[in-house]
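User: I've got a fold here and I keep tripping over the vocabulary. Can you walk me through why things get the labels they get?

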Amino acid sequence: MAATNGAADGAVAFKNGNLVRLLLRDFMTYKKVEMKAGPNLNLVLGPNGTGKSALVCSIIIGLGGEPSTTGRSGHLGEYIRFGCDSALVEIELYNETPKAKNYLIQRVMQFGRIDGNAYTLDFQYPFSALQALAVALANVTQRLK
């Protein structure tokens, strides 16, 4: 589904800062997974132990939250899939500015460089998008429980 600011067919449009896409590589139990969200309510359903909470953890960590906020490990290295040297969390957030690209946030975690994570964004100041969109990472897990 393409992220558009309006729809002629009467469909609900994304709002500024909505999660559009989540891509994980070697994160927790996921080798590779891509989730595309819709502008309305999105549900992730499945039996215990299938990775639903891992998606929430990836959003918190991908947006720069403290690993301890997830209620799991406080060490980023423990979010890297067993047997792998690195993990990637890529988050696309909707940008309502006309003709502008969506915000793309990538977080790479590597063994041996856990404190030196690489953040890449397609704009100048790394956390300006999160601040502008009023993302409160400390409240994510509280609201979802």
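User: To start at the front end, where does Val12 lie?

Analyst: Val12 sits in the segment before β1. Keep in mind that this is a predicted model.

User: What makes Val12 partly exposed?

Analyst: Its relative accessible area is 48%. Buried would need under 20% and exposed over 50%, so Val12 falls in between and is called partly exposed.

User: What is Val12 in contact with, leaving aside its neighbours within four places in sequence?

Analyst: Pro39 and Asn40. As for Gly38, which is 26 residues from Val12 along the chain, the two C-alpha atoms are separated by 9.2 Å.

User: Okay, zoom out. How many helices and strands are there, and how do they run?

Analyst: The protein chain has 3 helices and 5 strands. Going from the N terminus, you get β-β-α-β-β-β-α-α. Buried residues make up 34% of the 145 residues. The chain exposes about 8,900 Å², with carbon and sulfur atoms supplying 52% of that.

User: How do you know that β1 and β2 pair?

Analyst: Pairing takes at least two bridges. β1 and β2 have 6, in the antiparallel sense, so they clear that bar. One of the bridges joins Leu24 to Val33 in β2. The two strands form a hairpin with 2 residues between them.

User: What's going on with the phi of Met28 in that turn?

Analyst: Met28 has a positive phi of about 50 degrees, and Met28 is a residue other than glycine. Asp26, found in strand β1, also isn't a glycine and has a positive phi of about 55 degrees. For a glycine example, look at Gly64, which follows α1 and has a positive phi near 90 degrees.

User: Is Met28 buried or exposed?

Analyst: Buried. Its relative accessible area is 16%, and the cut-off is under 20%, so Met28 gets the label.

User: And what makes β3 "largely enclosed"?

Analyst: 7 of the 8 residues of β3 are buried, so the rest of the structure largely encloses it. β1 is mostly covered as well, with 7 of its 9 residues buried.

User: Which strands does β3 pair with?

Analyst: β1 and β4 are both partners. With β1 there are 6 bridges in the antiparallel sense, and with β4 there are 8, also antiparallel. Since at least two bridges count as pairing, each of those qualifies. Across from β1, Leu22 stands opposite Ile91 and Leu24 has Val89 as its bridge partner. On the β4 side, Val89 is partnered with Arg107.

User: Which residues have the most contacts inside the largest nonpolar core?

Analyst: Leu24, Phe27, Val89 and Met109, in a core of 21 residues. The elements giving two or more residues to this core are β1, α1, β3 and β4. Take Val89: leaving out residues up to four places away in sequence, it touches Leu24, Phe27, Ser58 and Met109, among others.

User: Which residues of α1 are buried?

Analyst: In α1 (residues 52-62), Ala54, Leu55, Cys57, Ser58, Ile60, Ile61 and Gly62 are buried. Cys57 is at 2% relative accessible area, so it falls under the 20% cut-off.

User: What about Cys84, why is that one called buried?

Analyst: Cys84 is at 15% relative accessibility. That's under 20%, so it counts as buried too.

User: How many disulfides does the structure hold?

Analyst: 0. The label needs a pair of cysteine sulfur atoms within 2.5 Å, so no pair here meets that limit.

User: Last one. What makes the Asn102 and Glu92 pair a polar contact?

Analyst: Their side chains come to 2.7 Å. A polar contact is a pair of N or O atoms within 3.5 Å, with one able to donate a hydrogen and the other to accept it, so 2.7 Å is inside the distance limit. Asn102 lies in the loop between β3 (86-93) and β4 (103-110). Asn102 is also buried, since its relative accessible area is 14% and the cut-off is under 20%.

How values were computed
Residues are numbered from 1 along each chain as its sequence is written. This is a predicted model: local features need pLDDT of at least 70, side-chain atom pairs count only at pLDDT 80 or more; totals for chains, interfaces and linings use all residues. Side-chain values use heavy atoms; hydrogens and water are left out. Helices (H or I, at least four residues) and strands (E, at least two) are DSSP runs, numbered from the N terminus. Buried means under 20% relative accessible area, exposed over 50%, partly exposed in between (1.4 Å probe, protein chains only). Accessible areas come from the Shrake-Rupley method with a 1.4 Å probe; for residues, only the protein chains shown count as cover. Contact means heavy atoms within 4.5 Å. A nonpolar core is a set of buried Ala, Val, Leu, Ile, Met, Phe, Trp, Tyr and Cys residues joined through side-chain atoms within 4.5 Å.
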